[in-house]
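Hello,

Here is the structure I promised to pass on to you. Have a look at it first, and then read on for what turned up in it.

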Amino acid sequence: MKIRFAESRPKGDYALVLPVAGKDRKALSALGPSQKAVAAGLDRQRFEGEAASVSEQFIDENGATRRVLVVGTGAGASVGDSAEKLGGTAAARLQTSGEKSAVIDLTGLGYDADAAAQVGLGTALRSWRYDRYRTKLKDNQKPTLNEVVIVGGGSGAGKRYEQRWAPVVGGVSLTRELVTEPANIIYPESFVERVQESIKGSGLEVDVLDRAAMHKLGMGALLGVAQGSARQPRLLVLKWNGAGKSGQPTAFVGKGVTFDTGGISIKPAAGMEAMKWDMGGAGAVAGALKTLALRKAKANIVGICGLVENMPGGNAQRPGDVVTTMSGQTVEVINTDAEGRLVLADAVTYVQRKFKPSTIVDLATLTGAILISLGHEWAGLFSNNDDLAAKLQKAGEESGDKLWRMPLGEPFDRLIDSPIADMKNVGPREGGSITAAQFIQRFVENGVKWAHVDMAGKAWSDKAGSTYEKGATGFGVRLLDNYVADVLER
Ligand code: BES
Ligand code: MN
Ligand code: ZN
């Protein structure tokens, strides 16, 4: 989708989008002589200008027919708060409408450059789709819209969009692509290749560890998960040094289980296809690093993706196996389906030993239990530091990637003690997301600020949202991007 900005409406054929805030219909004055008819149409449709409501009408402009989309932005909302949704609503409605071009006219409605740029962001995010495997789409199902012009948002909107939001669209798109692709296409090696292809020229430094390199480092937990699969594991390291040599970096670590069958503790068949997106955390880390590089963020960030496939097989690890992690701590693998924490344990140790970060944020589709707690509205946030937690929650509110803080504590930690090893990889069913987080915390070294985001309910959505279609949401990219912008870059 091409997003452009202009001072005034161009000539020619396009759908005209007009935002209407509740009962305030001043945007309709852009319609000239057709204003009255469209207003009457809104009344007939009982259109009240609620956020994301749409009225579609056609007018005659000097003999030519023009499609007019009146989009509600809500009565009380500021233009800043409703901008993204406005763009998203218009894009969703027009994408396969037959229109090739649309103009969103903000003239005289109080949108400044920032708000207008955010209209562009919502438009671009909501237009993302992946049709690679749809070979039989009928002509009238194919996307037609290829350009949206945002008019009247004041000078600087275009520059603001290109510098601040186009990089976010780039990162989120990469994440969605990785999450959407099935596991026969995206496995650890091809994940790395796809990311490398996508970040070419961005200035990100890339390092890739293969099985032998990880074996040498003693990553017995990550490799234990990988050993049942014909696919070779990888550890992908992405570095962005936007703040020069100064200071300790911040680390983002993602769970990248490219398919989770459960291993020998195999999952039930129904719904198992969803486990292609068990690499959503790693996808978010890759997307976020791409965004930060594209917008040349003034921060030093290292991104780690722990990439494995969890399969049963003659060489798979067994329940009861004891593995030795890179930290030296041993783990009794009670359940091979609690594999994400095993991958993260070694990834978290690696990043601390190698990069000495002051702060680690890990993202993982870690537990079904977080869905029981928080549904699909919030991801769970766990942290050993109140200040870090508060800053992440704020970044979540601002970006829309919302986080709900969950507890940690000694009584939960005791639940993963093992009679034979330093710990076991599962606790009881109750508090399953918390014991999973406690497990990861055992690998966080003294003085390191750490937060864990359990995003099992967020990587994929069964229904469309204002900035995404059904499917991969791109969750996590905007959270991390916003955190870097608000906390590290000032
Ligand atoms: N990848 C799953 C968690 C998951 C479940 C993500 C549903 C998205 C939707 C994870 O590896 C897993 O299998 N967790 C187990 C842990 C259990 C064995 C302690 C779970 O949640 O059931
Ligand atoms: Mn699992
Ligand atoms: Zn998993």
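Which domains does the lining of the second largest pocket draw at least three residues from? Domain 1 (2-153) and domain 2 (165-488) each supply at least three of them. Please keep in mind as you read that this is a predicted model.

Let me stay with that pocket for a moment. The second largest pocket holds about 420 Å³ of space, and 17 residues line it. Nearest its centre lie Arg129, Tyr130, Arg134, Glu469 and Lys470. As for secondary structure, helix 4 (157-180) and strand 19 (471-472) each give at least two residues to the lining. By character, the lining residues of this pocket are seven nonpolar, three polar and seven charged.

Now for the metals, which you may enjoy exploring on screen. The zinc ion (ligand 3) and the manganese ion (ligand 2) sit 3.2 Å apart, with Asp260 coordinating both.

Take the zinc ion (ligand 3) to begin with. Its coordinating residues are Lys255 (NZ), Asp260 (OD), Asp278 (OD) and Glu339 (OE), at 2.0 to 2.4 Å. Along the sequence, these donor residues follow the spacing K-x4-D-x17-D-x60-E. The site of this zinc ion has six donor atoms with angles of 79 to 173° among them, and it is octahedral. Two of its donor residues, Asp278 and Glu339, link distant parts of the chain, as they are 61 residues apart. Asp278 belongs to the loop between strand 9 (250-260) and helix 8 (280-294), while Glu339 belongs to the loop between strand 12 (330-333) and helix 9 (340-355). Both Asp278 and Glu339 are buried.

The manganese ion (ligand 2) has its protein donors at 2.0 to 2.2 Å: Asp260 (OD), Asp337 (O), Asp337 (OD) and Glu339 (OE). In sequence, its donor residues are spaced D-x76-D-x1-E. Why is the arrangement around this manganese ion irregular? Its six donor atoms subtend angles of 71 to 167°, and that range makes the arrangement irregular.

One more thing to compare is how far the manganese donors are covered. Are Asp337 and Glu339 buried or partly exposed? Asp337 has a relative accessible area of 22%, so it is partly exposed. Glu339 counts as buried because its relative accessibility is 1%; the cut-off for buried is under 20%.

Happy exploring, and write back whenever you like.

Best wishes

Terms used. Residues numbered from 1 in each chain as written. Chains lettered and ligands numbered in written order. Predicted model: local features only at pLDDT ≥ 70, side-chain atom pairs only at ≥ 80, totals over all residues. Heavy atoms only, no water. Donors = N, O, S within 2.8 Å, 3.2 Å for Na, K, Ca; no water. Tetrahedral: all angles 85-135°; square planar, octahedral: opposite > 155°, others 65-115°. Helix = DSSP H or I, 4+ residues; strand = E, 2+ residues; numbered from the N terminus. Buried < 20%, exposed > 50% of the residue type's maximum accessible area, 1.4 Å probe, protein only. 1 Å grid on protein atoms, 1.4 Å probe; cavity = no way out; pocket = protein on both sides within 12 Å on 5 of 7 lines; lining within 4 Å. Points joined across faces, edges and corners; volume = space filled by probe spheres on them. Nonpolar A, V, L, I, M, F, W, Y, C, P; charged D, E, K, R; others polar. Domains from an automatic or database assignment.
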